[in-house]
Amino acid sequence: MNELPQQLVNGLLLGSMYGLIAIGYTMVYGIVQLINFAHGEIFMTGAFGALTVYLYILPDGTSMLIALPLMLIGAMVVSVAVAVGAERFAYRPLRGAPRLAPLITAIGLSLALQQAVWAWYPEAKSARTFPQIDGGPFHIGSVTLQTGDVFLFVAAPLSMAFLGFFVMRTRIGRGMQATAQDRDTAKLMGVNTDRIIVVAFALGAVFAAVGAVANGLKYGQIDFKMGFILGLKAFTAAVLGGIGNIYGAMIGGITLGVAETLATAYIADIPGLDQFGSQSWSDVWAFILLILVLLFRPQGLLGERVADRA
Amino acid sequence: MRQRSLIAITAALAAGALTLTACGSRDDDGGSDSGSGGGGTTVVIGVDAPLTGDLSALGLGIKNSVDLAAKIANKEKTVDGVTFKVESLDDQGQPSVGQQNATKFVANDDVLGVVGPLNSSVGESMQKVFDSAKLVEVSPANTNPALSQGVDWQTKKVRPYKSYFRTATTDAIQGPFAAEYVYKDSKKRKAFIIDDKKTYGAGLAATFTEAFKKLGGQVVGTEHINPDTKDFNAVATKVKNSGADVVYYGGEYPQAGPLSKQIKAAGAKIPLVGGDGIYSADFIKLAGAGGTGDLATSVGAPVEELPSAKEFVANYKTEGYKEAYEAYGGYSYDSAWAIIEAVKKVVEDNDGKLPDDARSKVVDAMQNVSFDGVTGKVSFDEFGDATNKQLTVYAVENGTWGSVKSGTYNG
């Protein structure tokens with residue numbers, strides 16, 4: 001049986017997950033040139049927010065159809081609160097400081113958030129199971145889709161469309177574009193840049209929250225470390241797509257996800273490369289792809305300007 | 001002025017972050033009150049295990065069981081004039097952290113023996129530190145044969161470190177034991193082999209593969225997964241299309257659970273078989289409903305079914321530990337008790353006092369320790385391996401592990 005369609009779908013799903021998280025990295029970077037390494041943990045707290053809603057707020061046995069939107073809202077509330085809090089108390093005080101200071105702060109914050117969840121969330125010392133949507137799997141040709149995958153397939157493009165509309169058509173969105181281009185001039189033109197920055201953090205957190213719920217539904221479990229590796233991968237996706245470019249984040253995510261999946265599936269079949277084909281090598285291939293892209297397009301796949309303008 | 005208050009806030013945050021991180025690893029540090037019964041010498045038994053992170057379920061079981069052994073020894077005054085204290089360090093399942101912990105134990109003169117670690121890879125990094133300090137180490141869970149029989153254990157067995165002992169059965173027996181069960185009892189012929197490239201997982205997968213092929217089975221595919229991720233869909237699709245009728249996984253439950261789930265979701269309704277690293281209640285939780293029928297081999301006979309273990313199980317309950325004793329509880333208790341027995345021998349040979357070179361004497365005494373423990377007769381062969389080579393196959397049924405078959409592999 002031909003496994004290519006299934007592997008492409010696997011890669012597309014993994015990539016959509018990367019893309020949803022990458023949007024947060026890319027938006028914050030585009031506006032304040034900060035690599036928010038705590039973003040993976042904002043994603044993780046969102047997953048725990050959704051779980052909290054399901055376990056402790058909704059009555060037992062609530063149908064997932066009703067629970068899911070509420071869990072999404074719970075995830076968003078928690079993620080946005082953490083992101084805005086981080087911006088207010090960890091990053092804003094350092095806005096005039098050299099770039100390394102907020103970067104180190106971000107790494108510290110990431111560790112602090114992980115340990116906080118580990119220490120204080122009930123039974124979070126090992127993975128916690130996440131509620132699942134009943135039904136499925138669905139078979140389309142030779143492709144099998146789980147119900148959790150369907151959510152991701154619907155949520156990712158919808159989020160993207162919403163984001164595109166928001167940035168292009170609304171007043172705040174245009175303010176964001178102006179701030180990204182030149183913060184000082186935007187300020188002179190009457191844009192409240194402090195508020196724009198908060199909005200960028202909050203929006204990134206909203207997408208991370210959508211990704212977090214999708215992640216829980218897809219894998220059926222969440223844990224306090226889940227944001228770390230996914231965050232790194234999403235950051236890679238953001239760079240691959242062109243950091244600062246929101247569509248680039250999605251494209252970069254999907255490229256990375258598909259590349260990893262195909263590397264796992266097919267590299268081993270190439271004569272002479274059989275020992276380089278296992279999943280543990282897929283990251284290596286994904287990063288080789290990243291290096292190749294950056295060699296020929298330093299600004300990333302969709303990047304319009306050189307990443308570092310200063 | 002503004003600048004200064006900002007620095008203050010940042011400093012406070014950074015301090016907060018550091019404290020939190022420290023909390024994480026020090027949470028249970030030495031947090032045992034093994035009863036400081038009336039004076040005499042205090043002997044510390046170290047515990048090194050992953051107390052945080054995704055393997056902490058097993059690690060906390062180890063720590064609690066050692067604590068229980070120390071408490072009982074103090075209560076029954078097993079060694080006259082000696083009070084046992086337990087000091088536990090968290091290795092997070094990381095070889096580098098384990099080695100630092102080993103150095104800490106060596107530096108503390110009161111430590112006469114260490115129980116642990118859980119992971120073979122961590123054990124590898126600790127052995128030399130302990131051996132050069134002549135500090136005895138008894139692992140309840142390391143199963144990689146190379147640790148006690150040298151890297152060339154298949155051809156020429158050489159014991160690399162004299163101070164290393166273990167109560168667990170090695171993968172040299174565990175892998176073939178699983179292969180025999182899968183081939184003869186489950187009648188599976190086509191295996192897909194997956195491992196996580198760690199010392200334990202890769203070693204176990206290799207011994208299984210070799211034995212399975214020897215029996216006449218066919219290996220239709222191999223994969224090495226990246227233990228940092230949870231997305232194994234690409235691997236699951238490969239498994240499905242390989243036509244395998246069984247998956248053997250060398251690794252631990254945090255990856256094995258999702259792997260089993262994703263393989264079944266991909267449409268391959270075949271059992272996943274693993275070693276003692278997946279024999280945990282958390283595996284069943286992570287694998288979900290599809291995990292029914294998955295198999296695990298684990299060291300020893302099931303603790304609950306051994307008459308010798310009844311007392312242990314009852315005492316563990318009485319002490320009210322928050323976490324279950326898990327797969328290695330009985331072995332950890334026996335490991336700690338072996339240290340206690342060795343210390344007893346050393347003290348008795350020295351007119352009831354600890355000699356100055358107690359550490360090396362304990363190593364020598366350990367070699368001849370022999371007693372009836374929780375898991376049966378406890379003694380060590382010339383490599384420091386347990387002489388008790390029992391293994392059991394467990395299967396997931398109705399949401400728990402049920403024992404299917406006990407025995408040993410005689411090659």
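**Two chains, one contact**

Biologist: How many residues does each chain bring to the contact?

Modeller: This is a predicted model, so local features need pLDDT of at least 70 and side-chain atom pairs count only at pLDDT 80 or more, while totals for chains, interfaces and linings use all residues. Residues are numbered from 1 along each chain as its sequence is written, and chains are lettered from A and ligands numbered from 1 in the order in which they are written. Two residues are in contact if their C-beta atoms, placed from the backbone, lie within 7 Å. On that count, the contact takes 38 residues from chain A and, from chain B, 40.

Biologist: Which element gives the most to the side of chain B that touches chain A?

Modeller: Helices (H or I, at least four residues) and strands (E, at least two) are DSSP runs, numbered from the N terminus. Elements giving two or more residues to that side include helix 2 (56–76), strand 7 and helix 9 (253–265) of chain B. The top giver, with eleven residues, is helix 1 of chain B.

Biologist: Which residues of helix 5 of chain A are buried?

Modeller: That helix covers residues 147–169 of chain A. Buried here means 20 or more other C-beta atoms within 10 Å of a residue's own (exposed is 12 or fewer, partly exposed in between; C-beta atoms are placed from the backbone). The buried ones pack against helix 1 (4–32), strand 3 (143–145), helix 8 (193–219) and helix 10 (246–266) of chain A. They are Gly148(A), Asp149(A), Phe151(A), Leu152(A), Ala156(A), Ser159(A) and Leu163(A).

Biologist: What does Phe192(B) stand opposite?

Modeller: Strand 6 (residues 190–195) and strand 7 (residues 218–224) of chain B run parallel, joined by six bridges; DSSP has to find at least two for strands to pair. Opposite Phe192(B), in strand 7 of chain B, is Gly221(B).

Biologist: Is Gln92(B), with its positive phi of about 55 degrees, buried or exposed?

Modeller: Most residues other than glycine have a negative phi. Gln92(B) sits in the loop between strand 2 (82–90) and helix 3 (95–107) of chain B. Because Gln92(B) has 21 C-beta neighbours inside 10 Å, it counts as buried.

Biologist: And Asp351(B), with phi near 55 degrees: buried or exposed?

Modeller: Asp351(B) is in the loop between helix 12 (329–349) and helix 13 (358–367) of chain B. With 7 other C-beta atoms within 10 Å, Asp351(B) is exposed.

Methods:
The expected span of a helix is 1.5 Å times one less than its number of residues.
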